[in-house]
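Please open the model in a viewer and keep the selection panel at hand. The stops below proceed from one selection to the next.

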Amino acid sequence: MIIVLLIISILIFCYILFVVEDDDLAFIPLGGFVIKLGVLVYLLIKLIEMRVINEKIELYINQNNEIENKIAVVVKQYMEHENKTFKDLKTDTSYITLTTLYPELKSDKLIEKEIDLYEANNEKIITLKEQKINERVYKWWLYFGGK
């Protein structure tokens, strides 16, 4: 779309400059051309950023899996320690969720930092997925691209 608009601006500029022969009016399509050129550069930068977005999402997912594994080890050790008290607790629950059930675990600074990092990563994953959705819009504006 932007490329088509750029071509139209160039054609109008040439028409005014060479056919109408009015130099004073030629700045109008030229100004539009400069704005459209700026939009073109912005869209190209966004599309270049999209090339690595899947790798970023994978990185955050892997980091969250590592955090879950670390927390799982701590929770398992704690549950073994407190086995007499919590006999009937089902362990099919997420280890992140189990940390909220035990105030002793939640107050542990290491666990607290890991959970904060886990939540921050989830927010980043959501943001990156939203940006990935916007890729189709950028492609459409650039060259009528789609999926």
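A nonpolar core is here a set of buried Ala, Val, Leu, Ile, Met, Phe, Trp, Tyr and Cys residues joined through side-chain atoms within 4.5 Å. The model on display is predicted.

**The whole chain**

Begin with the protein chain coloured by secondary structure: there are 6 helices and 0 strands, in the order α-α-α-α-α-α along the sequence. Switching to a surface display shows an accessible area of about 10500 Å², with 61% of that area belonging to carbon and sulfur atoms. Of the 147 residues in the chain, 27% are buried. Where contacts link residues at least 6 apart in sequence, 67% of them join residues at least 24 apart.

**Helix H1**

Next, select residues 2-20, which form helix H1. The helix has 19 residues, and at 1.5 Å a residue these should span 27 Å; the C-alpha atoms at its ends are 25 Å apart, which agrees. Now show the side chains of Ile 2, Leu 6, Ser 9 and Ile 16, which are buried. Because these residues cover an arc of only 95° around the axis, they lie on the same side of H1. Their packing partners are helix H2 (27-50) and helix H6 (109-143). Rotate the view to the other side of H1, where Leu 11, Phe 18 and Val 19 are exposed. At the end of the selection, add Glu 21, which follows H1 and has a positive phi, near 55°.

**The nonpolar cores**

Select Ile 2, Leu 40, Leu 43, Leu 128, Tyr 138 and Leu 142. In the largest nonpolar core, which has 13 residues, these are the ones that touch the most other members. At least two residues of this core come from each of H1, H2, helix H3 (53-81) and H6. Which residues does Leu 40 touch, leaving aside those up to four places away in sequence? The contacts of Leu 40 are with Ile 2, Ile 3, Leu 6 and Leu 142. Another core, of 7 residues, lies apart from the largest one; to find it, select Ile 67, Met 79, Ile 115 and Tyr 118, which are among its members.

**The aromatic cluster**

Move to Trp 140, Trp 141 and Phe 144, which form one aromatic cluster. The structure holds 2 aromatic pairs. In one of them, Trp 140 and Trp 141 are edge-to-face, at 5.1 Å centre to centre with 85° between the planes. The rings of Trp 140 and Phe 144 are also edge-to-face, because their planes stand at 90°, with the centres 5.5 Å apart. Are these side chains buried, partly exposed or exposed? Trp 140 counts as partly exposed because its relative accessibility is 36%. Trp 141, at 38%, likewise counts as partly exposed, and Phe 144 is partly exposed with a relative accessible area of 45%.

**Asn 134**

For the last stop, select Asn 134, a residue of helix H6. Its relative accessible area is 33%, so Asn 134 is partly exposed; the range for that class runs between 20% and 50%. Then add Leu 47 and draw a C-alpha to C-alpha distance between the two residues: Asn 134 and Leu 47 are 9.7 Å apart in space, although 87 residues apart in sequence.

Technical notes. Residues are numbered from 1 along each chain as its sequence is written. This is a predicted model: local features need pLDDT of at least 70, side-chain atom pairs count only at pLDDT 80 or more; totals for chains, interfaces and linings use all residues. Side-chain values use heavy atoms; hydrogens and water are left out. Helices (H or I, at least four residues) and strands (E, at least two) are DSSP runs, numbered from the N terminus. The expected span of a helix is 1.5 Å times one less than its number of residues. Buried means under 20% relative accessible area, exposed over 50%, partly exposed in between (1.4 Å probe, protein chains only). The arc is that of the directions from the helix axis to the C-beta atoms. Contact means heavy atoms within 4.5 Å. Accessible areas come from the Shrake-Rupley method with a 1.4 Å probe; for residues, only the protein chains shown count as cover. Rings of Phe, Tyr and Trp (its six-membered ring) pair if their centres lie within 6.5 Å; planes under 30 degrees apart count as stacked, over 60 as edge-to-face and the rest as tilted.
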